[in-house]
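Let's take a walk through a protein together. Have a look at the chain and its fold below, and then we'll go through it piece by piece.

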Amino acid sequence: MADIPPDPLSALAGIKLTHVIAGAAGGIVRSLSRPGGSWPRHMGTAIVGTFVAGYGTPVGAILASRYLASPELPSSSVEGMVGFVLGLIGMSLCEALLRWARAWRDGPPPPFPPATA
């Protein structure tokens with residue numbers, strides 16, 4: 001029996017095409033759920049969501065499958081769900097990391113979790 005040839009995108013960038021599609025869908029949904037903005041902003045949101053999902057889904061799917069362990073739930077469904085959610089929140093994650101990096105540049109890093117008085 002012959003092996004299934006690798007996905008060209010997977011061989012090129014180390015990511016699965018299904019993760020990219022799920023992330024792109026999540027990024028598009030996120031950009032369309034925020035009215036206003038230009039087409040380049042919407043495209044940028046979708047692209048960032050795609051990259052976050054493409055590279056974050058393998059790790060996120062492992063973590064999610066630990067909590068969603070069910071014999072009726074195939075791993076491909078978990079991967080698709082995680083890819084979509086990461087695509088949906090990808091731009092927000094990147095914006096939060098940039099804010100944290102700017103705060104760290106201007107002074108000591110903020111405590112995590114925040115200290116309560």
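Here is a short report on the fold, the helices, the salt bridges and the surface.

## The overall picture

First things first: what you're looking at is a predicted model. The protein has 4 helices and 0 strands, and if you read along the sequence, the pattern goes α-α-α-α.

Of the 117 residues, 24% count as buried. Now take the contacts between residues at least 6 apart in sequence: 66% of them join residues at least 24 apart. As for the outside, the protein exposes about 8400 Å², and carbon and sulfur atoms supply 72% of that.

## A look at helix 2

Helix 2 covers residues 17-33. What span should its 17 residues have at 1.5 Å a residue? The expected figure is 24 Å, and the end C-alpha atoms are 24 Å apart, so the two agree.

Which residues of helix 2 are buried? The list is H19, V20, A22, G23, G26, G27, R30 and S31. Try reading those numbers with this in mind: an α-helix has 3.6 residues a turn, so residues three or four places apart point the same way.

L17 also belongs to helix 2. With a relative accessible area of 36%, L17 is partly exposed. The C-alpha atom of L17 is 8.0 Å from that of G54, although their positions lie 37 residues apart along the chain.

## Three salt bridges

How many salt bridges does the count come to? It comes to 3. Let's meet each pair.

One joins K16 and E79, with their closest N and O atoms 3.6 Å apart. This pair links distant parts of the chain: K16 sits in the loop between helix 1 (8-13) and helix 2 (17-33), while E79 is in helix 4 (residues 75-106), 63 residues apart. Both partners are partly exposed, K16 with a relative accessible area of 40% and E79 with 22%.

Another pair is R30 and E95, whose side chains meet at 3.9 Å, N to O. Again distant parts of the chain are linked: R30 is in helix 2 and E95 in helix 4, 65 residues apart. Is R30 buried or exposed? R30 is buried, with a relative accessible area of 8%. E95 is partly exposed, at 28%.

The remaining pair is D106 and R105, with the closest N and O atoms 3.2 Å apart. D106 counts as exposed, at 61% relative accessibility, and so does R105, at 62%.

## A nonpolar patch on the surface

Now for the outside of the protein. V29, Y67, L68, L73, M81, F84, V85, I89 and L93 make a nonpolar surface patch of about 790 Å². Which element gives the most to this patch? That would be helix 4, with 5 residues.

M81, one of the patch residues, is found in helix 4. Its relative accessible area is 37%, so M81 counts as partly exposed. A residue needs over 30% relative accessible area to be part of a patch, and M81, at 37%, has that.

## Looking back

Helix 4 is worth finding once more in the picture. E79 and E95 are both in helix 4, and each has a salt-bridge partner: K16 for E79 and R30 for E95. Helix 4 also gives the most residues to the nonpolar patch.

Note on methods:
Residues are numbered from 1 along each chain as its sequence is written. This is a predicted model: local features need pLDDT of at least 70, side-chain atom pairs count only at pLDDT 80 or more; totals for chains, interfaces and linings use all residues. Side-chain values use heavy atoms; hydrogens and water are left out. Helices (H or I, at least four residues) and strands (E, at least two) are DSSP runs, numbered from the N terminus. Buried means under 20% relative accessible area, exposed over 50%, partly exposed in between (1.4 Å probe, protein chains only). Contact means heavy atoms within 4.5 Å. Accessible areas come from the Shrake-Rupley method with a 1.4 Å probe; for residues, only the protein chains shown count as cover. A salt bridge is a side-chain nitrogen of Lys or Arg within 4 Å of a carboxyl oxygen of Asp or Glu. The expected span of a helix is 1.5 Å times one less than its number of residues. Patches are made of residues with over 30% relative accessible area and no salt bridge: like charges are joined within 9 Å, nonpolar side chains (Val, Leu, Ile, Met, Phe, Trp, Tyr) within 5 Å.
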